[in-house]
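Please open the model in your viewer and keep the sequence panel beside it, since the tour moves by selection from one stop to the next.

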Amino acid sequence: MRILAVDLGDVRTGLAAGEDLTGTVQPLEVIVERDPERRFEKIVSAAEAFGPDVVLIGLPINMDDTEGPRALAARAAGARRAERTGPRVEVPAAPPTRFDD
């Protein structure tokens with residue numbers, strides 16, 4: 001399965017290509033765009049060009065495992081992208097960040 005990973009930022013958004021069969025990931029590009037609408041359109045264009053089976057939006061979480069404004073923005077971007085036709089969009093559940101156990 002081809003995966004397009006998106007690390008959403010206010011100015012810089014990183015895109016990476018992943019393949020679950022080989023377990024490999026490689027950087028594709030960094031989108032530098034301050035305007036949210038143009039940034040969104042560039043992400044959509046990159047997804048269409050890459051042709052992934054799934055778009056995976058990174059979920060930034062706080063040090064105390066809570067979701068802050070950046071996580072909400074990532075979820076909103078994922079929901080907006082999912083409204084368009086194309087590959088499945090996933091925003092993963094927040095993983096644990098502490099390794100006390």
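Where is D65 found? Select D65 in this predicted model, and you will see that the residue sits in the loop between β4 (54-57) and α2. With the backbone displayed, check its torsions: the phi of D65 is positive, at about 70 degrees, although D65 is not a glycine. If you then colour by accessibility, D65 counts as partly exposed, because its relative accessibility is 28%.

Next, zoom out and switch to a cartoon, which should show 2 helices and 5 strands. Followed from the N terminus on, the elements run β-β-β-α-β-α-β. A contact map is a useful companion here: among contacts between residues at least 6 apart in sequence, 51% join residues at least 24 apart. With a surface drawn, the protein exposes about 6,500 Å², of which carbon and sulfur atoms supply 56%, while buried residues make up 32% of the 101 residues.

Now select T13, which is found in strand β2 (residues 12-19). Is T13 buried or exposed? T13 counts as buried, because its relative accessibility is 0%. Show its surroundings, leaving aside the neighbours within four places in sequence, and T13 is in contact with V6, D7 and L8, with E29, V30 and I31, and with R39 and I43. A distance label drawn from the side chain of T13 to the backbone nitrogen of G9 should read 3.3 Å.

Two of the residues in contact with T13, L8 and R39, lead on to the last stop, the largest pocket. Rolling a probe the size of a water molecule over the atoms shows where empty space is left. The largest pocket has a volume of about 250 Å³. To find it, select L8, P36, R39, A73 and A77, which lie nearest its centre among the 18 residues of the lining. Which helix gives the most to the lining of the largest pocket? Select α2 (69-83), which gives the most, with 7 residues; α1 (36-50) also supplies at least two residues of the lining. Finally, colour the lining of the largest pocket by residue class, and the residues divide into 10 nonpolar, 2 polar and 6 charged.

Key. Residues numbered from 1 in each chain as written. Predicted model: local features only at pLDDT ≥ 70, side-chain atom pairs only at ≥ 80, totals over all residues. Heavy atoms only, no water. 1 Å grid on protein atoms, 1.4 Å probe; cavity = no way out; pocket = protein on both sides within 12 Å on 5 of 7 lines; lining within 4 Å. Points joined across faces, edges and corners; volume = space filled by probe spheres on them. Helix = DSSP H or I, 4+ residues; strand = E, 2+ residues; numbered from the N terminus. Nonpolar A, V, L, I, M, F, W, Y, C, P; charged D, E, K, R; others polar. Buried < 20%, exposed > 50% of the residue type's maximum accessible area, 1.4 Å probe, protein only. Contact = heavy atoms within 4.5 Å. Areas by Shrake-Rupley, 256 points an atom, 1.4 Å probe, with all protein chains shown as cover. Polar contact = N/O pair within 3.5 Å; in protein donor to acceptor, adjacent residues only side chain to side chain.
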